[in-house]
Amino acid sequence: MSALARYRQEWFGNITRDTLAGMVGTFALIPEVIAFSFVAGVDPAVGLYASFVISVVIAFTGGRPGMISGAAGSVALVAAALVRGHGVQYLLAATLLCGLLQVVFGILKLDVLMRYVSRPVRTGFVNALAILIFSAQLPHMLHVTWHTYAMIALGLAIIYTVPRFFTAIPSPLICIVVLTVVAVAYPMPLHTVADLGRLPDSLPHLVWPDVPFSLDTLRIIAPYALAMASVGVLESMMTARVVDDMTDTHSSKQRECMGLGVANIAVGMFGGIAGCGMIGQTVGNLRYGGRGRLSTFVAGAFLLLLMVALRPWVAQVPVAALVAIMIMVSASTFSWGSLRDLAHHPRTTSIIMLATVAVVVGTHDLAAGVAVGVLLNGLFFAFQVSNMLSVTNTLSPDGQTRTYIVNGQVFFASSDGFTDAFDLHDTVRDITIDLTHAHLWDMTAAGAVEELVGRMKAQGMQVRLTGLNTASATLIERHTGLESLT
């Protein structure tokens, strides 16, 4: 498919469903963005404006069609400390630097690091997000009257029942309209969107951070900008990968990284907070047919329309309707099959998935959970590969030469087992180490071979290395003094 044809398909190949699904994504954005705005210590209008800018810009610049991005997630947790310590203006400066760093990440192709995030970590990431999405609804269901529970139940009934008979309009939109009409027609003690925080009442405008242009400012914002950039890229890359899996398609992670950077630069120039991919809203978008860039654009543009032009109407939407939608999103996001897989998958796989979930839920930090999952995955992998190393030996018929045959991978985790397999007090003086079926991976492996040969020579043995492949021989020759033995 040519670039022009692909571009037209991504924008206009699914106009009706993309438009309606994007509108669902907008309503799913509102409560989470407002909640994370409070977490970050900024006015809700800042987060809502930012989500509008991010969605509209990344619809053009991003690499993953159908993905919803906004001002929420772990980025808000990082930003909170900067706002408390230095104020909102420094946050705007950090947002600009964050976007610039993300563009640099894309240029350097750091998106390839996502290859090290295994499937158990991705599953844990998704399940943890589902739990966090549901737990975020709990405050709206505590200390309320029975009317709230009745409205939530009605909303869920509409969301799950209507698609069986009618699919032209996404059921969450019908849920919002019906529950709003009921709440207006029959006044009852319900919280509305207006109770969540002050809604915007004007269009966003260009601003420039009111901070000194100096090295001191850079020293203040740089650590936060780097953390925001890293967390934002990680969440967006993880969300993009989930979309790839759900749609059986591929996307450009490098372009998504750079596109997010451009979007966050634009956000900083419009007085907003940096954002990233939002998996809950993205899953909702996909569930109701959103596949193209138009759905992402609509999610942002419709948000601005609701916040400014339709503000009085939106203010009357009962929070119960949004809670019902987010409960549906949570249930759709959770990988229920992973619970069944706990009994069948290898124990290490289950531990990695559960550890990722536990850390994310415990810290509300998605980056920390993924980091722990990747670390555990690396440790388990290294342990398993190191246990595959074997060293056997044979004695020549004349009893003068002992040949050690090494099979497997020699690296930092297996180097001790490698050296322990040799008898340094052997009475045989002529030793051959056959590495035909082995590979030396790192400096630890090369150092282990050098140390082993040195200790054998100190015992009066003659040592010869054979069967080194090209990469292993190069490692030995460059970083040890064993050239004459290879």
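Buried means under 20% relative accessible area, exposed means over 50%, and partly exposed is what lies in between (1.4 Å probe, protein chains only). Keep that in mind for the views below.

This is a predicted model, where local features need pLDDT of at least 70 and side-chain atom pairs count only at pLDDT 80 or more, while totals for chains, interfaces and linings use all residues. Residues are numbered from 1 along each chain as its sequence is written, and side-chain values use heavy atoms, with hydrogens and water left out.

**View 1. Ala367 and its distant partner in sequence, Val75.** Ala367 sits in helix 17 (residues 366–386). Helices (H or I, at least four residues) and strands (E, at least two) are DSSP runs, numbered from the N terminus. Is Ala367 buried or exposed? Its relative accessible area is 17%, so Ala367 is buried. Count along the chain and Ala367 and Val75 are 292 residues apart, yet their C-alpha atoms are 9.6 Å apart in space.

**View 2. The whole protein, for orientation.** You're looking at 20 helices and six strands. The C-alpha trace spans about 100 × 55 × 50 Å along its principal axes. Of the 486 residues, 53% count as buried. Now take contacts (heavy atoms within 4.5 Å): among those between residues at least 6 apart in sequence, 84% join residues at least 24 apart.

**View 3. Helix 6 on its own.** Helix 6 runs through residues 119–135. Want to check its length? The expected span of a helix is 1.5 Å times one less than its number of residues. For the 17 residues of helix 6 that gives 24 Å, and the end C-alpha atoms are 24 Å apart, so the two agree. Helix 6 is also mostly covered, with 13 of its 17 residues buried.

**View 4. Helix 6 against helix 14.** The axes of helix 6 and helix 14 (residues 319–333) come within 8 Å and cross at roughly 165 degrees. Axes here are lines fitted to C-alpha atoms, for helices over the stretch in contact, and angles run from 0 to 180 degrees between N-to-C directions. So helix 6 is roughly antiparallel to helix 14, a label for angles over 145 degrees (under 35 is roughly parallel, 65 to 115 roughly perpendicular, the rest oblique). The crossing is left-handed, a word used if the near helix is turned anticlockwise from the far one by less than a right angle, with right-handed for clockwise. Val126, Ala130, Ile133 and Phe134 of helix 6 meet Met326, Ile327, Val329, Ser330 and Thr333 of helix 14. By class, that's seven nonpolar, two polar and no charged residues. Here Ala, Val, Leu, Ile, Met, Phe, Trp, Tyr, Cys and Pro count as nonpolar, Asp, Glu, Lys and Arg as charged, and the others, Gly among them, as polar.

**View 5. Helix 7 packed with helix 8.** Helix 7 (residues 146–161) and helix 8 (residues 171–185) pack at about 145 degrees, with axes 8 Å apart. This crossing is right-handed. Helix 7 brings Met151, Leu154, Gly155, Ile158 and Ile159, and among the helix 8 residues they touch are Ile174, Val178 and Val182. The contact has 11 nonpolar, two polar and no charged residues.

**View 6. Two loop residues, His143 and Asp248.** His143 lies between helix 6 and helix 7, and Asp248 between helix 9 (215–247) and helix 10 (253–269). His143 isn't a glycine, but has a positive phi of about 55 degrees; Asp248, not a glycine either, has a positive phi of about 55 degrees. His143 counts as exposed because its relative accessibility is 85%, and Asp248 because its value is 70%.
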